[in-house]
Amino acid sequence: YQRRVHGGYLVGQAHQGMKQMFSFMNSARLHVGIQGLGSSELTLQQSIPYARERLAGRAPSGAKRPEKPADALVDHPDIRRMLLKQKAIAEGSRCLVYHTSLLADRSHAATDAKVKAAIEAEMSLLTPIVKGFLTEMSLETSSDGIQIYGGHGYIGEWGLEQIYRDARISTLYEGTTGIQSLDLLGRKVMSNKGAHLQAFCAQINAFCDECKATPALQPHATALQAAVAKWIDVTTKVLVQASKNPDVLESASYEYLFYSGYMTFAYMWLRMEAAAVHALAAGAADTDGFYKAKILTSNYYFSRLLPRTESLGLTMLAPTTHLTDLPEEAFAFLE
């Protein structure tokens, strides 16, 4: 800090204000991403006890608790769909937060300039994903929490409506999701011609190659490598289109953020699954089923959430004219 004559302080070098601002803005964005993790985790913790205790109807495959007048909510596949989504998102969010936190520590400790630059490039790429994707997914998980409770979830007694409102504002803090999307596709991908993304994808592919040596991990490792190839392909197509049509960047960025979020989570889930598989293979006790739960949740993620990238890939490449052709006055005919 340099003391200025008028009593204020100059942070960093003169005429570098925007650069200095983003140094703490990016830190704040990562912190808001952690708030998204918190909302998803709290919703999960609120939903599980209620789903296990609340009795309602019989499971479609037959009574699971014949000694009781009805089965619990958790016995119904539709409720399990939401609970598993909450679990997959909360634990995937936590893994990504740990990953970026470790990157920050490694960057701080790095003494080699090239190593430090590579770490910071990955941090730069992942920051809008942490902020934008984690908060948006916390909005979805908290909405599911209200759904699990039914009408009870909408009132203040259970606290779920408060979680939902907190999740909603987190998508606005430190730059809306639209801003994070533009930051990811415009600044973090397009400005370096996809070099940072290519490096991250190379890291994922290398890990998948390691996983293929373990039979239990081969299906998801193979699926993730195929998805990475599509991620690179769709990115290339978007960048080519954006170089010819300036509307493409903004029209595709929102879907691109979510596409990248689901891909990054798939990498996190394969890492968690690999850790669980290796721990069990080494003879680790799993009396509470923790490791098995990781593997089963990874199965859910790869079969139910990662496929969302397919539709996102189609929509981000749709003609921009489908957004721009409608005249302004035709949005509503109120007169």
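**Reasoning from values to labels**

Visitor: Why is Cys95 called buried?
Guide: A residue counts as buried when its relative accessible area is under 20%, and Cys95 has 15% relative accessibility, so Cys95 counts as buried. Please keep in mind that the model is predicted.

Visitor: How do you know that Cys95 is in no disulfide?
Guide: Two cysteine sulfur atoms would have to lie within 2.5 Å of each other, whereas the nearest cysteine sulfur to Cys95, that of Cys211, is 12 Å away. A disulfide is a covalent bond between the sulfur atoms of two cysteines.

Visitor: What can be said of Cys211 by the disulfide cut-off?
Guide: For Cys211 the nearest cysteine sulfur belongs to Cys208 and is 6.1 Å away, and since the cut-off is 2.5 Å, Cys211 is in no disulfide either. The structure as a whole holds zero disulfides. Cys211 has a relative accessible area of 3%, and because the limit for buried is under 20%, Cys211 is buried.

Visitor: What makes Phe207 and Tyr267 an aromatic pair, and of which kind?
Guide: Ring centres must lie within 6.5 Å to pair, and those of Phe207 and Tyr267 are 6.0 Å apart, so the two rings pair. Their planes stand at 70°, and because an angle over 60 degrees counts as edge-to-face, this pair is edge-to-face. A search of the whole structure finds 13 aromatic pairs.

Visitor: Why does the pair of Phe207 and Tyr267 tie together parts that are apart in sequence?
Guide: Phe207 lies in helix 6, residues 195-211, while Tyr267 lies in helix 8, residues 247-281, so the pair ties together parts that are 60 residues apart in sequence. Phe207 and Tyr267 are both buried.

Visitor: How do you know that Arg271 lies over the face of Tyr267?
Guide: One condition is that the CZ atom of Arg is within 6 Å of the ring centre, and Arg271 meets it at 5.3 Å from the ring centre of Tyr267. The other condition concerns direction, within 35 degrees of the ring normal, and Arg271 is indeed listed as lying over the face of Tyr267.

Visitor: Which residues do ring pairs link into a cluster?
Guide: The cluster joins Phe133, Tyr254, Phe258, Tyr262, Phe265, Tyr301 and Phe302.

Visitor: What is notable about phi in Glu174, and is this residue exposed, partly exposed or buried?
Guide: Most residues other than glycine have a negative phi. Glu174, however, has a phi near 50°, a positive value in a residue other than glycine, and it is found in the loop between helix 4 (160-170) and helix 5 (177-189). Its relative accessible area is 33%, which falls between the 20% and 50% limits, so Glu174 is partly exposed.

Visitor: Why is Lys193 called exposed?
Guide: Lys193 has a relative accessible area of 77%, and because exposed means over 50%, the label follows. Lys193 is found in the loop between helix 5 and helix 6, and it also has a positive phi, of about 60°, although it is not a glycine.

Visitor: What classes of residue line the second largest pocket, and which helix gives the most?
Guide: Its lining has five nonpolar, no polar and five charged residues, including Leu44 and Ile48 as well as Glu41 and Arg52. Helix 2 gives the most, with five residues, and the pocket has a volume of about 380 Å³.

How values were computed
Residues numbered from 1 in each chain as written. Predicted model: local features only at pLDDT ≥ 70, side-chain atom pairs only at ≥ 80, totals over all residues. Heavy atoms only, no water. Phe/Tyr/Trp six-rings, centres within 6.5 Å; stacked < 30°, edge-to-face > 60°. Helix = DSSP H or I, 4+ residues; strand = E, 2+ residues; numbered from the N terminus. Buried < 20%, exposed > 50% of the residue type's maximum accessible area, 1.4 Å probe, protein only. 1 Å grid on protein atoms, 1.4 Å probe; cavity = no way out; pocket = protein on both sides within 12 Å on 5 of 7 lines; lining within 4 Å. Points joined across faces, edges and corners; volume = space filled by probe spheres on them. Nonpolar A, V, L, I, M, F, W, Y, C, P; charged D, E, K, R; others polar.
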